[in-house]
Amino acid sequence: MFMKPSGGLVVVALAALVPNSPADASPKGWDCQYSITDPLDRRRGRVDYSCYGTSLPETRERMKARCRSLDTYDCLAGACLPLQFAPRKFCER
């Protein structure tokens with residue numbers, strides 16, 4: 001015996017597939033990337049680094065501060081990428 005689904009059941013199924021709020025689709029953290037080059041030893045090439053954090057503005061400012069502190073090196077601040085996990089606040093190679 002085949003039963004036709006009720007309209008309410010279809011609405012509940014669709015609601016489960018659609019995010020409940022814009023916060024559900026927002027990233028949980030950020031990875032802001034920068035790279036440095038030693039002007040005295042360009043053969044080594046660029047060395048890439050990342051700063052991680054949960055707040056985009058704070059993570060971006062920490063990355064820029066790292067670049068400014070490396071005044072003897074050529075530093076290039078790159079893109080910030082969204083993450084699906086909540087990282088600690090740190091910068092690493």
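User: In this predicted model, how many bridges join strand 1 to strand 2?

Analyst: Strand 1 and strand 2 run antiparallel. Within this pairing, tryptophan 30 stands opposite glycine 53 in strand 2. The bridges that join strand 1 to strand 2 number seven.

User: Which residue in strand 4 stands opposite serine 50?

Analyst: Strand 2 is also joined to strand 4, residues 90-92. The two run antiparallel, with three bridges between them. Opposite serine 50, in strand 4, stands glutamate 92.

User: How many residues of strand 2 are buried?

Analyst: Strand 2 has seven residues and is mostly covered. One buried residue is tyrosine 52, at 14% relative accessibility. Tyrosine 49, in strand 2, is partly exposed at 21%. The buried count for strand 2 is five.

User: Which element supplies the largest share of the largest nonpolar core?

Analyst: That core has eight residues: Cys32, Tyr34, Ile36, Val47, Cys51, Met63, Cys67 and Cys91. Strand 1 (29-37), strand 2 (47-53) and helix 3 (56-69) each supply at least two of them. The largest share is three residues, and it comes from strand 1.

User: What pattern do the disulfides of the protein chain follow?

Analyst: The chain has three disulfides. Cysteine 32 bonds to cysteine 80, cysteine 51 to cysteine 91, and cysteine 67 to cysteine 75. With bonded cysteines counted along the chain, the pattern is 1-5, 2-6, 3-4.

User: Is the disulfide of cysteine 32 and cysteine 80 right-handed or left-handed?

Analyst: The sulfur atoms of cysteine 32 and cysteine 80 are 2.1 Å apart. The torsion about their S-S bond is about 110 degrees, so this disulfide is right-handed.

User: How many residues apart are cysteine 32 and cysteine 80?

Analyst: Cysteine 32 and cysteine 80 form a disulfide. The pair links distant parts of the chain. Cysteine 32 lies in strand 1 and cysteine 80 in strand 3 (residues 74-83), a separation in residues of 48.

User: Is cysteine 32 buried or exposed?

Analyst: Buried means under 20% relative accessible area. Cysteine 32 has 0% relative accessibility, so the residue counts as buried.

User: How many residues apart in sequence are the parts tied together by cysteine 51 and cysteine 91?

Analyst: The sulfur atoms of cysteine 51 and cysteine 91 are 1.9 Å apart, and the two form a disulfide. With 100 degrees about the S-S bond, this link is right-handed. Cysteine 51 lies in strand 2 and cysteine 91 in strand 4, so the pair ties together parts whose separation in residues is 40.

User: Which residues does cysteine 91 touch, not counting those up to four places away in sequence?

Analyst: Cysteine 91 is buried, and cysteine 51 is buried too. Cysteine 91 also belongs to the largest nonpolar core. Beyond four places in sequence, cysteine 91 touches Tyr34, Ser50, Cys51, Arg62 and Arg66.

User: Is the disulfide of cysteine 67 and cysteine 75 right-handed or left-handed?

Analyst: The S to S distance in this disulfide is 2.1 Å. The torsion about the S-S bond of cysteine 67 and cysteine 75 is about -65 degrees, so the disulfide is left-handed.

User: What is the relative accessible area of cysteine 75?

Analyst: Cysteine 75 is joined to cysteine 67 by a disulfide. Cysteine 67 is buried, with a relative accessible area of 13%. Cysteine 75 is partly exposed, with a relative accessible area of 27%.

User: How many aromatic pairs are there, and which one is stacked?

Analyst: The count of aromatic pairs comes to two. The stacked pair has rings 5.4 Å centre to centre, with 15 degrees between the planes. Planes under 30 degrees apart count as stacked. That pair is tyrosine 34 and tyrosine 49.

User: Is tyrosine 34 buried or exposed?

Analyst: Tyrosine 34 lies in strand 1 and tyrosine 49 in strand 2, so their pair ties together parts 15 residues apart in sequence. Tyrosine 49 counts as partly exposed, at 21% relative accessibility. Tyrosine 34 has 3% relative accessibility and counts as buried.

User: What is the relative accessible area of phenylalanine 90?

Analyst: Tyrosine 52 and phenylalanine 90 form a tilted aromatic pair, 5.0 Å centre to centre with 40 degrees between the planes. The pair links strand 2 to strand 4, across 38 residues. Phenylalanine 90 is partly exposed, with a relative accessible area of 34%.

Notes
Residues numbered from 1 in each chain as written. Predicted model: local features only at pLDDT ≥ 70, side-chain atom pairs only at ≥ 80, totals over all residues. Heavy atoms only, no water. Core = buried A, V, L, I, M, F, W, Y, C linked by side-chain atoms within 4.5 Å. Buried < 20%, exposed > 50% of the residue type's maximum accessible area, 1.4 Å probe, protein only. Helix = DSSP H or I, 4+ residues; strand = E, 2+ residues; numbered from the N terminus. Contact = heavy atoms within 4.5 Å. Pairing = 2+ DSSP bridges. Disulfide = S-S within 2.5 Å. Phe/Tyr/Trp six-rings, centres within 6.5 Å; stacked < 30°, edge-to-face > 60°.
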